[in-house]
Amino acid sequence: MSSSYSNYTNSPCAACKFLRRKCTSDCVFAPYFPPEEPKKFANVHRIFGASNVSKILQEVEPHQREDAVNSLAYEAEARLRDPVYGCVGAISVLQRQVLGLQSELEETNADIMRYASCLGGETTSVYGARRG
């Protein structure tokens, strides 16, 4: 977990502060939404709602909750940037970039092979010595 609950006894977690409620010792949000990260909960709440996040956290095994919260926070930020596609949109952009770079690499390799064949199979090492 990100930190122990003792850090929350003086200040309510970001979720309880956002929801304007008392943060109790059994608050499901407190371990994952520390008071110094209010935007994290605000984004998650805006996209998923506090009730849904609470249900998700209660259904997930305790050792998986931090990963679940991090995934929700990542998707919430992506949805705020791209409301239609969210993180899938970002993945699609990256996949198109990879395909473009692979195509560029293939073209460059083909250019190198054509250049090498023009030299008659001889290539030059980095130091200028001919190899054949």
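**Helix packing and burial around α2**

Modeller: H45 sits in helix α2. Helices here are DSSP runs of H or I with at least four residues, strands are E runs of at least two, and both are numbered from the N terminus. This is a predicted model, where local features need pLDDT of at least 70, side-chain atom pairs count only at pLDDT 80 or more, and totals for chains, interfaces and linings use all residues. Residues are numbered from 1 along each chain as its sequence is written, and side-chain values use heavy atoms, with hydrogens and water left out.

Colleague: Why is H45 called partly exposed?

Modeller: The relative accessibility of H45 is 26%. Buried means under 20% relative accessible area, exposed over 50%, and partly exposed in between (1.4 Å probe, protein chains only). The value for H45 falls in between, so H45 counts as partly exposed.

Colleague: What does H45 touch, not counting residues up to four places away in sequence?

Modeller: H45 touches F18, L19 and A50, where contact means heavy atoms within 4.5 Å. F18 is 27 residues from H45 along the chain, and their C-alpha atoms are separated by 9.2 Å.

Colleague: Stay in α2. What makes N43 buried?

Modeller: N43 is also found in helix α2. Its relative accessible area is 11%. That is under 20%, so N43 is buried. Beyond its neighbours within four places in sequence, N43 contacts A76, E77 and L80. Those three residues belong to the α4 side of the contact between α2 and α4.

Colleague: How do you know that α2 and α4 are roughly perpendicular?

Modeller: They pack at an angle of about 75 degrees, with their axes 8 Å apart. The axes are lines fitted to C-alpha atoms, for helices over the stretch in contact, and angles run from 0 to 180 degrees between N-to-C directions. Under 35 degrees is roughly parallel, over 145 roughly antiparallel, 65 to 115 roughly perpendicular, and the rest oblique. The angle for this pair lies in the perpendicular range, so α2 and α4 get that label.

Colleague: Which residues make the contact of α2 with α4?

Modeller: From α2 come K40, N43, V44, R46, I47 and F48. From α4 come V69, N70, L72, A73, E75, A76, E77, R79 and L80. By class, this contact has eight nonpolar, two polar and five charged residues. Ala, Val, Leu, Ile, Met, Phe, Trp, Tyr, Cys and Pro count as nonpolar, Asp, Glu, Lys and Arg as charged, and the others, Gly among them, as polar.

Colleague: Why are α2 and α3 called roughly perpendicular?

Modeller: Helix α2 spans residues 38-48 and helix α3 residues 50-59. Their angle is about 100 degrees, and their axes are 7 Å apart. The angle is within the 65 to 115 range, so these helices are roughly perpendicular too. F41, V44, H45 and F48 of α2 meet A50, N52 and V53 of α3. This contact holds five nonpolar, two polar and no charged residues.

Colleague: What makes S54 buried?

Modeller: S54 lies in helix α3. Its relative accessibility is 16%. That is below the cut-off, so S54 counts as buried. Outside its neighbours within four places, S54 contacts V28 and F29.

Colleague: How do you know that V28 is buried?

Modeller: V28 has a relative accessible area of 18%. That is also under the limit, so V28 is buried. V28 lies in the loop between α1 and α2. It touches S54, L57 and Q58, leaving out residues up to four places away. V28 and A15 are 13 residues apart in sequence and 9.5 Å apart in space, C-alpha to C-alpha.

Colleague: And what makes R20 exposed?

Modeller: R20 has a relative accessible area of 78%. That is over 50%, so R20 is exposed. R20 is placed in the loop between α1 and α2. Its phi is positive, about 55 degrees, although R20 is not a glycine.

Colleague: Which residues touch the most other members of the largest nonpolar core?

Modeller: C13, F29 and F33 do, in a core of 20 residues. Such a core is a set of buried Ala, Val, Leu, Ile, Met, Phe, Trp, Tyr and Cys residues joined through side-chain atoms within 4.5 Å. The elements giving two or more residues are α1 (14-19), α2, α3 and α4 (65-81). α4 gives the most, with four. The contacts of F29 beyond four places in sequence include C13, L19, F41, A50, V53 and L57.
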